[in-house]
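Visitor: I would like a close look at a single part of this model, the charged pairs, with enough of the surroundings to place them. Please give the cut-offs as you go.

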Amino acid sequence: MALNARLDHRNPLVFDTHELGRRPGALQRLTRTIDAPRDLGIQGVIGVPEGAPVELELRLESVMEGVLVTGTARASAEGECVRCLEPLEQVLEADFQEMFSYPDADDRGRPKAEPADDAEEDEDTLPLEDGLFDLEPVLRDAVVLALPMQPVCQDDCPGLCSECGVRLADDPDHHHDAVDIRWAALQGLAGSLEDGEKDEMSGAEAGVDEKQEK
């Protein structure tokens with residue numbers, strides 16, 4: 001997050017830390033229910049639908065270098081089973097912890113002697129802006145880590161039939177008679193021989209009948 005970014009306190013994912021007053025050890029607990037932002041989850045796999053309720057429980061702790069935020073997000077995620085392709089719904093609980101640093105403090109919590117060069121600024125540092133912080137990037141990372149990369153509707157989902165695509169959970173006795181392709185040609189040859197033998201027998205019987213008539 002750039003230091004010159006302006007946070008909007010009306011954004012439900014922006015939180016105010018002024019009550020902590022930069023007093024190390026001061027604590028604040030917050031609960032908030034928000035509407036899920038767009039693309040919250042693993043795109044194309046599973047995620048929290050946009051606008052769905054997300055319950056947040058936060059613990060804000062003032063420390064020397066900033067505010068340590070510890071929390072849990074709870075929501076309902078939707079996706080598709082990777083085995084049978086049926087829609088599924090999963091309860092999501094994502095835990096996270098992140099430090100939001102005072103922009104004028106170094107890693108030891110003391111004021112910086114000189115402004116840091118932008119090129120050397122740690123990109124992973126999340127700063128406080130006028131006592132505000134944006135939880136959205138932390139929430140997104142936590143949700144992705146908490147969701148399965150290959151969701152299934154149930155642990156023992158048998159998936160789909162590889163031959164006809166039927167859902168095997170709906171028809172446990174479903175099967176196809178397997179034919180070994182190595183024997184298919186011989187079966188065809190055997191059928192041809194049987195037909196030939198029948199023709200020969202028919203011809204022989206016809207000859208016997210003719211002789212009997214004479």
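How many salt bridges does the structure hold?

Guide: This is a predicted model, in which local features need pLDDT of at least 70 and side-chain atom pairs count only at pLDDT 80 or more, while totals for chains, interfaces and linings use all residues. Residues are numbered from 1 along each chain as its sequence is written, and side-chain values use heavy atoms, with hydrogens and water left out.

The structure holds eight salt bridges, a salt bridge being a side-chain nitrogen of Lys or Arg within 4 Å of a carboxyl oxygen of Asp or Glu. Side chains of opposite charge can pair when their charged atoms come close. One of these pairs is Glu-129 with Arg-6, whose closest N and O atoms are 3.6 Å apart. This pair links distant parts of the chain, since Glu-129 lies in the loop between strand S8 (126–127) and strand S9 (132–134), whereas Arg-6 lies in the segment before strand S1 (14–16), 123 residues away. Helices (H or I, at least four residues) and strands (E, at least two) are DSSP runs, numbered from the N terminus. Glu-129 is buried, with a relative accessible area of 9%, while Arg-6 is exposed, at 65%; buried means under 20% relative accessible area, exposed over 50%, and partly exposed in between, with a 1.4 Å probe and protein chains only. Arg-6 and Glu-129 also belong, with Asp-130, to a network of salt bridges.

A second pair joins Arg-10 to Asp-8, with 3.1 Å between the closest N and O atoms. Arg-10 counts as exposed at 66% relative accessibility, and Asp-8 as partly exposed at 33%.

A third pair is Arg-74 with Glu-93, the closest N and O atoms being 3.2 Å apart. Here too distant parts of the chain are linked, with Arg-74 in strand S6 and Glu-93 in strand S7, 19 residues apart. Both partners are described by intermediate accessibility: Arg-74 is partly exposed at 28%, and Glu-93 is partly exposed at 47%.

The strands around these pairs give the setting. S5 and S6 pair in the antiparallel sense over nine bridges, where two strands pair if DSSP finds at least two bridges between them. S5 and S6 form a hairpin with two residues between them, and Glu-61 has Leu-68 in S6 as its bridge partner. On S5, nine bridges also join strand S2 (residues 27–35), again antiparallel, and Thr-31 stands opposite Glu-57 in S5.

Strands S6 and S7 also give two or more residues each to the largest nonpolar core, as does helix H1 (136–146), among other elements. That core has 38 residues, and Phe-133 and Val-69 are among those with the most contacts inside it; a nonpolar core is a set of buried Ala, Val, Leu, Ile, Met, Phe, Trp, Tyr and Cys residues joined through side-chain atoms within 4.5 Å. Leaving aside neighbours within four places in sequence, Phe-133 is in contact (heavy atoms within 4.5 Å) with residues including Leu-7, Leu-13, Val-69 and Leu-128.
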